[in-house]
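Q: Please take a close look at one part of this structure, the surroundings of the ligand, and describe it step by step for someone in the first year of study. Once that part is clear, please set it beside the other hollows and the charged pairs of the chain.

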Amino acid sequence: MADPKTAKKGAGTGEPETASRVFSGMQPSGEAHLGNYLGALRQWVRLQDDHECFFCIVDQHAITGEFSPEELPARVFDLAVSFLAVGLDPERSTIFVQSDVAEHTELAWLLNAVAPVGELERMTQYKDKSARLESIPAGLLNYPILQAADILLYQATAVPVGEDQLQHLELTREIARRWNGRFGQLFPEPRPILSDAGRILGLDGNAKMSKSLGNTVGILAEPEQVWDRVRTAVTDPQRVRRDDPGRPEVCNVFSLHKHFTEPDRIPDIAGQCRAGTRGCVECKKILSDSIADHFAEARARAAELRDDPREVYRILEEGAERARQEARSTIRQVRERMGMDWASRRPD
Ligand code: SF4
């Protein structure tokens with residue numbers, strides 16, 4: 001694991017310049033997609049150079065929406081393969097599954113003592129999701145308390161987040177403040193490390209990239225599968241005929257080029273688009289090849305892991321054991337402060 005005292009860089013990356021203990025989680029929706037990679041995973045890979053990192057597959061969060069118990073284990077496994085394939089390193093980071101560490105749910109319950117219902121009801125994600133439901137599961141409202149528990153259990157000082165999760169992280173800070181105020185200082189107030197990718201739109205060029213919307217490209221897809229997906233991407237709607245001048249600045253294909261195509265090719269892609277001298281199909285093919293090349297090593301690593309699934313299980317089990325040691329230490333202190341250490345006071 002990285003020595004937190006050796007941290008040095010971070011300037012200009014949105015990442016902290018001093019060493020932090022970092023926690024972040026991702027729901028197990030199977031193989032990661034480009035949005036997961038650009039919005040989180042590539043930053044996580046960088047963070048592990050200089051920070052002490054805990055990366056968690058948060059399967060207990062998945063049950064607050066539609067989910068299939070039959071499919072959940074495979075989705076956890078596939079996400080773990082994606083984590084390892086892109087370079088999350090179990091020698092330097094603690095990589096584990098949330099439900100393997102029972103203290104997450106214990107701390108979530110204990111934080112209920114201070115979590116304000118009014119704030120939970122004000123969460124944008126809760127309002128959006130609950131508005132579409134006839135019957136609202138309590139878990140949807142309480143989701144940010146479990147999120148707070150995930151972070152505070154490891155006394156994390158920094159959390160990589162997208163803009164859409166900032167509100168939840170602010171609530172975590174509020175919960176930490178209230179708990180510390182009531183029971184004595186224990187939890188640091190974690191600061192955000194904002195993703196530098198901005199909002200990653202899906203292939204529809206309209207909504208955030210999300211597996212449930214079917215507008216994604218899997219990072220481990222074979223080159224022909226990448227092309228099958230990228231060829232459907234929505235482009236500048238004003239470009240009807242091949243030689244119509246295009247507007248790269250409004251085209252999501254161009255945004256993706258900026259992430260995956262060699263930087264010295266970008267001016268040519270923009271110029272040919274504006275001049276109407278390269279068609280969208282050819283432009284998308286270049287993007288598809290760039291994406292497939294970018295993940296060639298990750299695909300090879302994933303194939304090795306799938307051939308040896310025991311290795312994936314071993315890594316997650318070892319990660320859970322390391323996580324449990326930290327979690328138990330925090331929970332012991334929480335219980336003491338909240339008066340749940342009666343058994344240790346038994347007279348001799
Ligand atoms: Fe988009 Fe490329 Fe078509 Fe221009 S040429 S509109 S950047 S897909």
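A: What follows begins with the ligand and its surroundings and then turns to the other hollows and to the salt bridges.

The model is a predicted one, and every value below is computed from it. The residues found around the ligand are Thr 235, Asp 236, Arg 239, Cys 251, Val 253, Phe 254, Cys 273, Arg 278, Cys 280 and Cys 283. Two elements, helix H10 (252-260) and helix H12 (280-294), each give two or more residues to this shell. When the residues of the shell are sorted by character, six are nonpolar, one is polar and three are charged.

Where does the ligand sit? The ligand sits in the largest cavity, and a search of the whole structure finds four cavities of 30 Å³ or more. The space inside the largest cavity comes to about 110 Å³. Its lining is made up of 14 residues, and those that lie nearest the centre of the cavity are Arg 239, Cys 251, Cys 273, Cys 280 and Cys 283. Each of three helices, H10, helix H11 (266-275) and H12, supplies at least two residues of this lining. Sorted by character, the lining of the largest cavity holds eight nonpolar, two polar and four charged residues.

Two of the charged residues in the shell around the ligand, Asp 236 and Arg 278, can be followed further through their salt bridges. As a general point, side chains of opposite charge can pair when their charged atoms come close. The side chain of Asp 236 meets that of Arg 247 in a salt bridge, with a distance of 2.7 Å from N to O. This pair links distant parts of the chain, since Arg 247 and Asp 236 are eleven residues apart, although both are placed in the loop between helix H9 (223-230) and H10. Are the two partners buried or exposed, or something in between? Asp 236 counts as buried because its relative accessibility is 3%, whereas Arg 247 counts as partly exposed because its value is 26%.

Arg 278, for its part, forms a salt bridge with Glu 282, and the closest N and O atoms of the two are 3.3 Å apart. Here too the partners fall into separate classes: Arg 278 counts as buried because its relative accessibility is 11%, while Glu 282 is partly exposed because its relative accessible area is 40%.

The other hollows can now be set beside the one that holds the ligand. The second largest cavity has a volume of about 50 Å³, and the residues that line it are Met 123, Gln 125, Tyr 126, Lys 129, Leu 140, Tyr 143, Pro 144 and His 168. Helix H6 (124-131) and helix H7 (138-153) are the elements that give two or more residues to this lining, which divides into five nonpolar residues, two polar residues and one charged residue.

H7 also takes part in an open hollow, the second largest pocket, where it gives five residues, the largest share of the lining. This pocket has a volume of about 230 Å³. It is lined by 13 residues, and Thr 64, Gly 139, Asn 142, Tyr 143 and Leu 146 are those that lie nearest its centre. Along with H7, the elements that give two or more residues to this lining are helix H2 (59-62) and helix H4 (103-111). By character, the lining of the pocket has six nonpolar residues, seven polar residues and no charged ones. Tyr 143 is thus named both in the lining of the second largest cavity and in that of the second largest pocket.

Finally, the salt bridges met around the ligand belong to a wider set, for the structure holds 30 salt bridges. One of them joins the side chains of Arg 177 and Glu 189, with 2.7 Å from N to O. In this pair Arg 177 lies in helix H8 (residues 166-183) and Glu 189 in the loop between H8 and strand S5 (191-194), twelve residues apart, so that the pair is one that links distant parts of the chain. Arg 177 counts as partly exposed because its relative accessibility is 34%, and Glu 189 is partly exposed because its relative accessible area is 31%. These two residues also belong to a network of salt bridges that links Glu 170, Arg 173, Glu 174, Arg 177, Arg 178 and Glu 189.

Note on methods: Residues are numbered from 1 along each chain as its sequence is written. This is a predicted model: local features need pLDDT of at least 70, side-chain atom pairs count only at pLDDT 80 or more; totals for chains, interfaces and linings use all residues. Side-chain values use heavy atoms; hydrogens and water are left out. A residue is near a molecule or strand if one of its heavy atoms lies within 4 Å of it. On a 1 Å grid over the protein atoms alone, a cavity is a set of points where a 1.4 Å probe fits but cannot get out, and a pocket is an open set with protein on both sides within 12 Å along at least five of seven lines; lining residues have an atom within 4 Å of a point. A molecule sits in a cavity or pocket if more than half of its atoms lie within 2 Å of its grid points. Helices (H or I, at least four residues) and strands (E, at least two) are DSSP runs, numbered from the N terminus. Ala, Val, Leu, Ile, Met, Phe, Trp, Tyr, Cys and Pro count as nonpolar, Asp, Glu, Lys and Arg as charged, and the others, Gly among them, as polar. Grid points are joined across faces, edges and corners, and a volume is the space filled by probe spheres set on the points. A salt bridge is a side-chain nitrogen of Lys or Arg within 4 Å of a carboxyl oxygen of Asp or Glu. Buried means under 20% relative accessible area, exposed over 50%, partly exposed in between (1.4 Å probe, protein chains only).
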